[in-house]
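Work through the exercises below with the sequence and the 3D structure in view. Each task is followed by a solution in steps.

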Amino acid sequence: MSKAVPEMAVDGRALYSKITWRLIPYIFLLYIVAYLDRVNVGFAAYDLQQDLHFSNTVYGTGAGIFFLGSVLFDLPSNLMLTRVGARIWIARIMISWGVISTCMMFMHSKESFYVLRFLLGVSEAGFFPGMIIYLTYWFPTQERARAVAKFMTATSLAGVVGGPLSSYLLKLDGVGGLAGWQWLFVSEGVPTILLGISVLFVLKDGPSKAGWLRPEERTWLEGELQRDKERFGASTHHKLLDAFRLPALWVLAGVYFVSQVGVYIVNLWMPLILQSFSHGGERDAILIARYATFPYLAAAVMTVVVGWSSDRRNERRWHIAGCLTLSAVGFAWAAWAHALVVALCAMTLAAIGLWSMMGPFWTLATSMLSGTAAAGAVAILQMIGGVGGFAGPYMTGRLRDATQSFTGGLYLISAMALGAAGLALVARSKETRAIAENEH
């Protein structure tokens, strides 16, 4: 047992600030690159449809098949991370997906599109759940929503960075004999490989390996993390099977499934939804890529605000439900819209709701379990979310080809988001009741 540290020997607030500034900017950068490699196909969608003659169904299937590869390997990948450590495993994941992302420049048919997107999902499997678990090594529950929220803003800021960057790269069409979309994939894949190598030198596997923490800070932090597990019941769950036996986990899985259907409709279809209100053509496609940055920027700001509010009130379920309700309103408004500006505002509401729920959601999910069970629970949620990630783009493409309109798909996800909001409010178990008692 660690030697006790006098309460006044360590300033907890200063220590969490120190950890935040040391870890969050770096893993934030890693996730921006990860997310950009995952969703850059959305910015390239118009060019792919023109150059490779992909139908909406082909594009939706290829965009979504990434998640089937991820679903199959998320759990074993996350369990491997707990065995070999975050540093080595995250580096392996990033290098392999960087290679596959770069190889996307060579696709020439729908079959090669499907294969490469599937392999991209396989290679990236375990990255996001691994990073969520990694944050639990450093932040107790009462600090975690803000940390997760700051980390999760990378997914929205990837859209902010991705829009202008992708529009610039698409302009390189014909340079060096490559199409603009080929420049897009190679220019965003190679940096991932380099960052993956850097992980081996930057990330530490936990507080005990962090040379930048003083001994008394390590001892104090480990004590706080242990007390946090005991307070919320996580210390009673250590085996992988415990994750499968937790009823609240499956309720949260339903919520996360719907959220990921919505997230990847925004990520992979929003440029084409906005494009449907324009006159078409390459110039409009580049402008749409720029317009699409606004929803992501608004979502980034509100993700941090909602995470702060959730931690301040120590409340999770109502924050999740409120965010999902907002996204439902946004999708319904987008289905009704008849002008580009209205559609852009509507998709902004949807994006704000979907991204802002992530801080409270992952804090609630990771407060229930610890050890291998926690790794398994996060991987289970990510796997089910991956099915949603496939279902959203595929469903949208099929409905678009069948009806020549995005309206049906947008109304459907709006109704699903409302249902998920109700589901979030009943995500109660022994562990979540303990959290609720502390809320009051």
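Glu-217 is buried, with a relative accessible area of 6%; buried means under 20% relative accessible area, exposed over 50%, and partly exposed in between (1.4 Å probe, protein chains only). This is a predicted model, in which local features need pLDDT of at least 70 and side-chain atom pairs count only at pLDDT 80 or more, while totals for chains, interfaces and linings use all residues. Residues are numbered from 1 along each chain as its sequence is written, and side-chain values use heavy atoms, with hydrogens and water left out.

**Exercise 1.** Find the salt-bridge partner of Glu-217 and classify that partner by exposure.

Step 1. A salt bridge is a side-chain nitrogen of Lys or Arg within 4 Å of a carboxyl oxygen of Asp or Glu. The side chain of Glu-217 meets that of Arg-214 at 3.1 Å, N to O.
Step 2. Arg-214 has a relative accessible area of 40%, so this residue is partly exposed.
Step 3. Both residues belong to a network of salt bridges that also links Lys-18 and Glu-216.

**Exercise 2.** Describe the salt bridge between Glu-224 and Arg-227 and place it in the chain.

Step 1. The side chains meet at 2.5 Å, N to O.
Step 2. Helices are DSSP runs (H or I, at least four residues), numbered from the N terminus. Both residues lie in helix H8 (residues 215–232), three residues apart, which is about one turn of the helix.
Step 3. Glu-224 has 18% relative accessibility and therefore counts as buried, whereas Arg-227, at 46%, counts as partly exposed.

**Exercise 3.** Which parts of the chain does the salt bridge of Arg-13 and Glu-143 link?

Step 1. The two side chains meet at 3.1 Å, N to O.
Step 2. Arg-13 is in helix H1 (residues 12–51) and Glu-143 in helix H6 (residues 141–170); the pair is 130 residues apart and links distant parts of the chain.
Step 3. Glu-143 is buried, at 8% relative accessible area.

**Exercise 4.** Are helices H14 and H15 roughly parallel or roughly antiparallel?

Step 1. The axes are lines fitted to C-alpha atoms over the stretch in contact, with angles from 0 to 180 degrees between N-to-C directions. The axes of H14 (residues 340–356) and H15 (residues 358–366) come within 5 Å and cross at roughly 20 degrees.
Step 2. Angles under 35 degrees count as roughly parallel, over 145 as roughly antiparallel, 65 to 115 as roughly perpendicular and the rest as oblique. H14 and H15 are therefore roughly parallel.

How values were computed. Helices (H or I, at least four residues) and strands (E, at least two) are DSSP runs, numbered from the N terminus.
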